[in-house]
Amino acid sequence: MIMNKGVSVALVMGSFLLMSAVSKPQEPKSCQVPEGEFVIYGELQNVPDSTVIELARYDGKIRRSIAFDTVIDGKFVFRDTITGPNIRKLYLCTRIKIKGIPSDPACIWVKSGAGVRITGNDCLPPLWSIESNVLEQQAENEFSKLALNDRRQMLKYSTERDDLFAAHPNLDFDKPTMKKLDSLAKLYLHVGYSIVLQELNYMKEAPVTAVWLDRYATYVTFLQWNKSFGHEDLIRSLYDRMSEADRATEEGQLITVYLNLPEVVNVGDQMVDGDLYDVKGNLHRLSEFQGKYIMLDFWSLGCGPCVQSFPELKEVSEMYKDSLEIVSISMDTKESWSDFVERKGLTGNQWNEFAKGTTGLAAVYQVQAIPRYVMISPEGIVVGMWSGYGPGSIKEKVQHLIQEEQLGE
């Protein structure tokens, strides 16, 4: 994402803004947006004033806020600079958790000189109308027209889920609530799969655009991590629609990798090694620790439980300093990861393989959710794999696995 950092875009300035104490700017015309900038103008109905709208982007697995604006008289607006010819995919959502309003975002494609007009009659960004002079946005809109009833149903389930979480900020769910959450998850998945299938069938004839490739880069992952969806032949067949130029793009290369992922490793299998790098760029391999237990910790700085686990990981490392090496493998971009490691003073084996998406060792060790832990014996055999973190859980699991190994000798 090439955006000027630190630029405030809460209000449109200059010719885009008619300032007053309570009024919002008039809608800009697309021809008014100069090169090197983009403008997103929204005009909503049935949306309370003071509703905060967030504009965000993804940096690897981390959603980063770009700017916020507050709805006044049904209007909001964002303006920022953008350099280079590339198209950027951004996300728009309501920031404040309000009962009955889901957190699902709308996808916004922008480029230099882009003028985007958004209209809506509710607090549901994915259903807002988006008009733009950006061809990719027009392609996005064609996808959005598919399965409208299913999309509304998904938002209903999403809203119910968000409201349940908001009512239990400490995650102290009772059994009826847990049962309800489980039911919503299944309903959400069922409707979601219906939408995906309709989009995949549409992709058999739709133009192959950046939006098409973006969708496909998501759906090819179903072959590995959403096998219950099925339709493998349909997913694989779409690759034939891609030109050599499509396959040479960043998304195209990622799609190719996802279609040819290596075999996964399970408990009882020999470990798989790979190239890993520390913050100084030095190359490392897991085989450096041959003869010791190795615990892999797949994490991201945008994952709360991952970050919460750091003190316990350090404690476990000290407890077993003679027999265990913990290798923390970040799934973040180089810049974000190295900055976080240095800023937080993280020690130990802080490594990254700089793989795109969930590929490389993350695919081999079946990382579907993070934090993801893998325990490897001194003989190089995988003896444990688990996901999620709760206080004390790492110490308990490591102790159990080591004791079990020792008893089995």
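Colleague: By the ring-pairing rule, how many aromatic pairs does the count come to?

Modeller: The count comes to 18 aromatic pairs. Keep in mind that this is a predicted model.

Colleague: How is a pair of aromatic rings described?

Modeller: You give the distance of the centres and the angle of the planes. Take F76 and W128: their ring centres are 6.2 Å apart and their planes sit at 35°, so this pair is called tilted. The label tilted goes to planes that are neither under 30 degrees apart nor over 60.

Colleague: Where do F76 and W128 lie along the chain?

Modeller: F76 belongs to strand β4 (residues 75–81), while W128 is in the loop between β7 (114–120) and β8 (129–132), so the pair ties together parts 52 residues apart in sequence. Both F76 and W128 are buried.

Colleague: And what kind of pair do W337 and F354 form?

Modeller: That one is edge-to-face, with 5.8 Å from centre to centre and 70° between the planes of W337 and F354. W337 is in helix α11 (residues 334–344) and F354 is in the loop between β13 (349–352) and α12 (360–364), so parts 17 residues apart in sequence are tied together.

Colleague: Are W337 and F354 buried or exposed?

Modeller: Read the relative accessibility. Under 20% counts as buried, so W337, at 1%, is buried. F354 has 31% and counts as partly exposed.

Colleague: Which residues do ring pairs link into a cluster?

Modeller: Look for Y193, Y219, F222 and F229, which ring pairs join into a cluster.

Colleague: Rings can have charges over them too. Which ring does the charged end of R161 sit over?

Modeller: The ring of Y188, with the charged end of R161 5.6 Å from its centre. Also, R215 lies over the face of F143, at 4.5 Å from the ring centre.

Colleague: Let's try another arginine. R372 is buried, so what is the nearest side chain of opposite charge?

Modeller: D297, which is 10 Å away, and R372 has no salt bridge. Now check the backbone oxygens: the side chain of R372 reaches that of Y365 at 3.2 Å, and the one of Q366 lies 3.5 Å from a polar atom of the R372 side chain. R372 itself is in strand β14 (residues 372–376).

Colleague: Which backbone oxygens does the side chain of R247 reach?

Modeller: From helix α7 (residues 244–248), the side chain of R247 reaches the backbone oxygen of Y239 at 2.9 Å and that of M242 at 3.3 Å.

Definitions and conventions:
Residues are numbered from 1 along each chain as its sequence is written. This is a predicted model: local features need pLDDT of at least 70, side-chain atom pairs count only at pLDDT 80 or more; totals for chains, interfaces and linings use all residues. Side-chain values use heavy atoms; hydrogens and water are left out. Helices (H or I, at least four residues) and strands (E, at least two) are DSSP runs, numbered from the N terminus. Buried means under 20% relative accessible area, exposed over 50%, partly exposed in between (1.4 Å probe, protein chains only). Lys and Arg count as positive and Asp and Glu as negative; His and the chain ends are not counted. A salt bridge is a side-chain nitrogen of Lys or Arg within 4 Å of a carboxyl oxygen of Asp or Glu. A polar contact is a pair of N or O atoms within 3.5 Å; within protein, one must be able to donate a hydrogen and the other to accept it, and residues adjacent in sequence count only if both atoms are side-chain atoms. Rings of Phe, Tyr and Trp (its six-membered ring) pair if their centres lie within 6.5 Å; planes under 30 degrees apart count as stacked, over 60 as edge-to-face and the rest as tilted. A charge sits over a ring if NZ of Lys or CZ of Arg is within 6 Å of the ring centre and within 35 degrees of the ring normal.
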